[in-house]
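Please open the model in a viewer and keep the selection panel at hand. The stops below proceed from one selection to the next.

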Amino acid sequence: MSRSFSLYLDFIRFSAAMFVFLYHSGNFHKFENIFFKMGHEAVVIFFVMSGFIIAFCQDTKEKTLKTYFINRASRIYSVAIPAVVLTFGLDMVGSYISPEAYGDHFDYPAIRFFSSLLFTNELWTVSIQSFSNVPFWSINYEVWYYVMFAALFYANKHAFPLLIFICLIAGPKILMLAPCWWIGVWIYKKNPCQYLDFKTNVVIFIASIVFYLMFIKMGMSYIGWDLFDEWVGSDIFREFAFSIYFITDYLLTVIVCANFSSARIIFSQLNYTENSITKAIRYLANLTFALYLLHQPLLNFFNVFFESYQLTEQLNYYVIVTCTLVLVLIIGHPIEKTKHIYRRFFNKVANKIEEVGHVRP
């Protein structure tokens, strides 16, 4: 992967996290701007990018299951644990200040807490929200895609039956969006635009951006919603939670894949020198995971915290958005820097598993 394309992916992943943030901030003040309407669609970008990055890591540095396990587990838990703990704490205080603002998202706290840490919130028709943290749903999906990937690429002769077993555990909701993730793996492995000339890739790249914006402008996700609702009926429809857009998610996935595939070729031919802008992009990109997983509980908390100040809706919006972004900026990088602690822990776990495996009866 070229440095230029890596920088492009950094820009896209932070932008996608900001789109999700802006989408959820719209709960507190309505904007008609298109950038406030890309919540679920930005998650599809994350899925495609995640599959691509995981395939890249497996191809270049995660050659063994042990290394893969250590890196994936430390990456996920280094942010997921602080996110779950922080959400629990903020929701507890926030629900004390304004119980009506949190509704029933704080009941059964033990189940919500441990299911979040085990990533079992979205198995089959179960849908357990991680307290007020709506975006946490996609992490549940992604972890199970990691497990599927491990089965397929590291399990050797047992790969297929193990993959079937994992799919049976994960259930239909997670499997419905699996193509959005696996096509990211495919475009890394096959590099479909590599045989096209530079000008053709530029045309595809520009067209993909235009089609993406048209997809949002036309509300295509809600067309997918309606089609699926009519197909299965409202009672069954509700059981599929965040997978209800899957019909049009597939179309969006094709658009995102066209963008990544063409950008990979275009940016591989472009060189750049490190400067303040590129450094800022990489700095912000390192905050992506923290911004994505922390913004919702922070927005909710600051909203009820400033409720007693009786601010206008617009002023309240800018205050809670500013406080959220500042706090993510303050705690995001310290959280990211804990990865080495988790890596040491999971390395010990992996070594212990190896020791047990080598014991003969």
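Against which helices do the buried residues of α9 pack? In this predicted model, they pack against α2 (39–60), α6 (136–154), α8 (172–176) and α13 (246–268).

**Stop 1: helix α9**

Select residues 178–190, which form α9. This helix has 13 residues, and the distance from its first C-alpha to its last is 18 Å, close to the 18 Å expected at 1.5 Å a residue. Then display the side chains of A178, C180, W181, G184, V185, I187 and Y188, the buried residues of α9. Moving just past the helix, select N191, where phi is positive, at about 45°.

**Stop 2: helices α3 and α6**

Keep α6 (136–154) on display and add α3, residues 65–97. The angle between α3 and α6 is about 175°, and their axes lie 11 Å apart. Angles over 145 degrees count as roughly antiparallel, and α3 and α6 are therefore roughly antiparallel to each other. To view the contact from the α3 side, select L65, Y68, R72, I76, A80 and V84. The α6 side consists of F136, I139, V143, Y146, F149, A150 and Y154. Coloured by class, this contact shows 12 nonpolar residues, no polar residues and 1 charged residue.

**Stop 3: helices α3 and α16**

Retain α3 and select α16, residues 313–336. Here the packing angle is about 140°, with the axes 9 Å apart. That angle makes α3 oblique to α16. On α3, the residues to display are R75, S78, V79, P82 and L86; on α16, they are I331, I335 and E336. By class, the contact comprises 5 nonpolar, 1 polar and 2 charged residues.

**Stop 4: D10 in helix α1**

Next, select D10, which is located in α1 (residues 3–25). Is D10 buried or exposed? Its relative accessibility is 10%, so D10 counts as buried, the cut-off being under 20%. With neighbours within four places in sequence left aside, D10 is in contact with I281, R282 and A285.

**Stop 5: the largest nonpolar core**

Which residues of the largest nonpolar core touch the most other members? Select Y8, F47, Y145 and F260, which hold that position among the 101 residues of the core. Finally, centre the view on Y8. Apart from neighbours within four places in sequence, Y8 is in contact with F205, N259, F260, A263 and F267. F260 thus appears in both selections, as a contact of Y8 and as one of the core residues that touch the most other members.

Conventions
Residues numbered from 1 in each chain as written. Predicted model: local features only at pLDDT ≥ 70, side-chain atom pairs only at ≥ 80, totals over all residues. Heavy atoms only, no water. Axes fitted to C-alpha atoms, helices over the stretch in contact; angles between N-to-C directions. Helix = DSSP H or I, 4+ residues; strand = E, 2+ residues; numbered from the N terminus. Parallel < 35°, antiparallel > 145°, perpendicular 65-115°, else oblique. Contact = heavy atoms within 4.5 Å. Nonpolar A, V, L, I, M, F, W, Y, C, P; charged D, E, K, R; others polar. Expected span 1.5 Å × (residues − 1). Buried < 20%, exposed > 50% of the residue type's maximum accessible area, 1.4 Å probe, protein only. Core = buried A, V, L, I, M, F, W, Y, C linked by side-chain atoms within 4.5 Å.
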